[in-house]
Amino acid sequence: MRVILFNFVVNHNNIMGITPDSKTQIFKLGMLEGWLSAAGNVVLFAIKLWAGLVSSSIALVADAWHTLSDTISSVIILIGIKIASKPADKQHPYGHGRAELMATFIIAIMLALVGIHFITNSFERLETKERANFGPIAIIVTMVSIIVKEAMSQYAFWVARKTNADSIRADGWHHRSDAISSVIILVGIFSQEYLWWIDGVLGILVSLVIFYSAYTIFRKNINEFLGTEPEPEIVNEVKKIAREVYPHNLRLHHFHIHQYGFHKEMTFHIVLPKDMKLDRAGKITNTLFQDIKEKMDILATIHIDTDSKY
């Protein structure tokens, strides 16, 4: 069996079906989300830290530093998106899209470190049996934090859907975990009169929320970094396009996909009759490549296997 490799190269600006204008729009949306996130988190951090110190609450102080970690993650996202938007060059023929993925890893690691710090402090609070003194200020600040952080998470998720940027989606989950931790603290504030240990336990619960956020972000992105099988929906769509290009069964197999930010590449095999002329095989493969690029925003490398059973 002979194998012929067709690898088609297209202009970088048209890879994935993304035009220069749409790339600019995606870049601007990502940068705007990053700046708004950073600014909002700085303000919330200052307010929550003040409220935590006034009330002597380790849970509220932990929540404040969790918010500050959001600020740092937003800055990392800004840097990651800036690098990822650079075009391909000689040293990076597939572009710089994985810089955004690396930014996401950094965010996950930061979250885990924040969780370790505050779960340790929470256990110390339980050992010393120190009670927090929550008051009206803590209640107001916590409620404001819940509303603002959930609004920020919804905006980040909206931008992530528009840009398909995992780092922005991670930032959204970062905001969501902060909102959840504030809800936990609010429940504890209303329970403090009956439970002296509530602040230390809340600190542990907040830390666990932070750990879970870090875990989900890291698990998803490590798979993309290492490479995964194409999702069934993608394979089925490619097979559908293949049926439209060539009436006979091309018996597509050996699918592999690689993600580089905006740049997505796929390799797979098709089977053609061994007596088919080279120009005919090339035309079928070229048409299939172009249709996949235009309809799915994927750059395909297509191997042709020859078969006498036609």
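**Note on helix 4, the nonpolar patch and the two cores**

1. Ile-140 has a relative accessible area of 55% and is therefore classed as exposed, the cut-off for that class being over 50%. The model under review is a predicted one. Ile-140 belongs to helix 4, which covers residues 136-163. Its C-alpha lies 9.4 Å from that of Ala-51, although 89 residues separate Ile-140 and Ala-51 in sequence.

2. Ile-137 is also placed in helix 4. With a relative accessibility of 36%, Ile-137 is counted as partly exposed, because that class lies between the 20% and 50% limits.

3. Ile-137 joins Val-43, Ile-47, Trp-50 and Val-54 in a nonpolar surface patch of about 450 Å². The main contributor to the patch is helix 1 (residues 20-55), which supplies 4 residues.

4. On the interior: the largest nonpolar core has 27 residues, and the members touching the most others are Phe-268, Ile-270, Leu-272, Leu-288 and Ile-292. Two or more residues of this core come from each of helix 7 (232-245), strand 2 (253-260), strand 3 (263-273), helix 8 (278-296) and strand 4 (299-307).

5. A second core, separate from the largest one, holds 24 residues; among them are Ala-51, Ala-138, Ile-185 and Leu-186. Ala-51 is also the residue whose C-alpha is 9.4 Å from that of Ile-140.

6. Which residues does Ile-270 touch, leaving aside those up to four places away in sequence? The contacts are Leu-250, Leu-252, Thr-285, Leu-288, Ile-302, His-303, Ile-304 and Asp-305. Of these, Leu-288 is listed with Ile-270 among the core residues that touch the most other members.

Technical notes: Residues are numbered from 1 along each chain as its sequence is written. This is a predicted model: local features need pLDDT of at least 70, side-chain atom pairs count only at pLDDT 80 or more; totals for chains, interfaces and linings use all residues. Side-chain values use heavy atoms; hydrogens and water are left out. Buried means under 20% relative accessible area, exposed over 50%, partly exposed in between (1.4 Å probe, protein chains only). A nonpolar core is a set of buried Ala, Val, Leu, Ile, Met, Phe, Trp, Tyr and Cys residues joined through side-chain atoms within 4.5 Å. Contact means heavy atoms within 4.5 Å. Patches are made of residues with over 30% relative accessible area and no salt bridge: like charges are joined within 9 Å, nonpolar side chains (Val, Leu, Ile, Met, Phe, Trp, Tyr) within 5 Å. Accessible areas come from the Shrake-Rupley method with a 1.4 Å probe; for residues, only the protein chains shown count as cover. A salt bridge is a side-chain nitrogen of Lys or Arg within 4 Å of a carboxyl oxygen of Asp or Glu.
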